[in-house]
Amino acid sequence: ARYNKVTIYTDPTEPNAAKGQIKYGIVYIVQSGAILKHEGEEYYYIGGTSLGKVWVNTEDFAILNRRSTIDLDCELDQLYPGSAPCD
């Protein structure tokens with residue numbers, strides 16, 4: 001999530017569908033290639049939330065690829081030396 005709290009939708013095309021929130025700093029699995037377009041907005045399909053699999057607005061959510069998470073791990077390894085994937 002790009003912000004402290006981001007709204008998630010079980011179905012963004014249905015106004016009465018369940019909604020929830022996710023917090024910044026938590027990693028969620030993204031369904032590759034699943035993008036929903038509705039009323040000028042785009043949504044990614046993610047899992048592992050309190051509502052299960054849901055949709056999140058692409059403007060509110062950043063996708064990290066495996067390489068970017070490895071780079072982050074390597075930066076952390078420099079701050080906290082020891083056995084790690086970058087060794």
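## Briefing: one helix and a five-stranded sheet

Buried residues make up 25% of the chain's 87 residues; buried means under 20% relative accessible area, exposed means over 50%, and partly exposed lies in between (1.4 Å probe, protein chains only). The model is predicted: local features need pLDDT of at least 70, side-chain atom pairs count only at pLDDT 80 or more, and totals for chains, interfaces and linings use all residues. Residues are numbered from 1 along each chain as its sequence is written, and side-chain values use heavy atoms, with hydrogens and water left out.

**Overall layout**

- The chain has 1 helix and 5 strands. Both are DSSP runs numbered from the N terminus: helices are H or I with at least four residues, strands are E with at least two.
- Along the sequence, the pattern reads β-β-β-β-β-α.
- The accessible surface of the chain is about 6400 Å², and 49% of it belongs to carbon and sulfur atoms. Such areas come from the Shrake-Rupley method with a 1.4 Å probe; for residues, only the protein chains shown count as cover.
- Of the contacts between residues at least 6 apart in sequence, 34% join residues at least 24 apart. Contact means heavy atoms within 4.5 Å.

**The sheet**

- The 5 strands form an open sheet in the order β2-β1-β5-β4-β3, with antiparallel pairing. Two strands pair if DSSP finds at least two bridges between them.
- β2 (19–23) and β3 (29–38) stand at the edges. Each has a single partner strand, so one side of each has no neighbour in the sheet.
- From one strand to the next, the twist averages 40 degrees. Axes are lines fitted to C-alpha atoms, for helices over the stretch in contact, and angles run from 0 to 180 degrees between N-to-C directions.
- Strands of a sheet pair through backbone hydrogen bonds, either parallel or antiparallel.

**Strand β1 and its partners**

- β1 and β2 pair in the antiparallel sense over 5 bridges. Here Thr7 stands opposite Gln21 in β2.
- β1 (residues 5–9) is joined to β5 (residues 52–57) by 2 bridges, and these strands also run antiparallel. Ile8 stands opposite Val56 in β5, and Tyr9 stands opposite Trp55 in β5.
- In a regular strand the side chains alternate between the two faces of the sheet.
- β1 shows such alternation: Val6 and Ile8 point to one face and are buried. Lys5, Thr7 and Tyr9 point to the other face and are not buried.

**The nonpolar core**

- The largest nonpolar core has 10 residues: Ala1, Val6, Ile8, Ile22, Tyr28, Tyr44, Ile46, Val54, Val56 and Phe61. A nonpolar core is a set of buried Ala, Val, Leu, Ile, Met, Phe, Trp, Tyr and Cys residues joined through side-chain atoms within 4.5 Å.
- β1, β4 (41–49) and β5 are the elements that give two or more residues to this core.
- In soluble globular proteins, nonpolar side chains tend to be buried together.
- Val6 sits in strand β1. Val6 counts as buried because its relative accessible area is 1%.
- Not counting neighbours within four places in sequence, Val6 is in contact with Ala1, Gly20, Gln21, Ile22, Val56 and Asp60.
- Val6 and Asp60 are 54 residues apart along the chain, yet their C-alpha atoms are separated by 6.5 Å.
- Tyr44 touches Val30, Ala34, Ile35, Val54, Trp55, Val56, Thr58, Phe61 and Ile63, leaving out residues up to four places away in sequence.

**A buried loop residue**

- Thr58 lies in the loop between β5 and α1 (66–79). Thr58 is buried because its relative accessible area is 13%.
- Beyond neighbours within four places in sequence, Thr58 is in contact with Arg2, Glu42, Tyr43 and Tyr44.

**The β3–β4 hairpin and its salt bridge**

- β3 and β4 run antiparallel and are joined by 6 bridges.
- The two strands form a hairpin with 2 residues between them. Glu39, in the turn, has a positive phi of about 50 degrees.
- Lys37 has Glu42 in β4 as its bridge partner. The side chains of Glu42 and Lys37 also meet in a salt bridge (3.6 Å, N to O).
- A salt bridge is a side-chain nitrogen of Lys or Arg within 4 Å of a carboxyl oxygen of Asp or Glu. By this rule the count is 1 salt bridge.
- Side chains of opposite charge can pair when their charged atoms come close.
- Glu42 has 30% relative accessibility, so Glu42 counts as partly exposed. Lys37 has 61%, so Lys37 counts as exposed.
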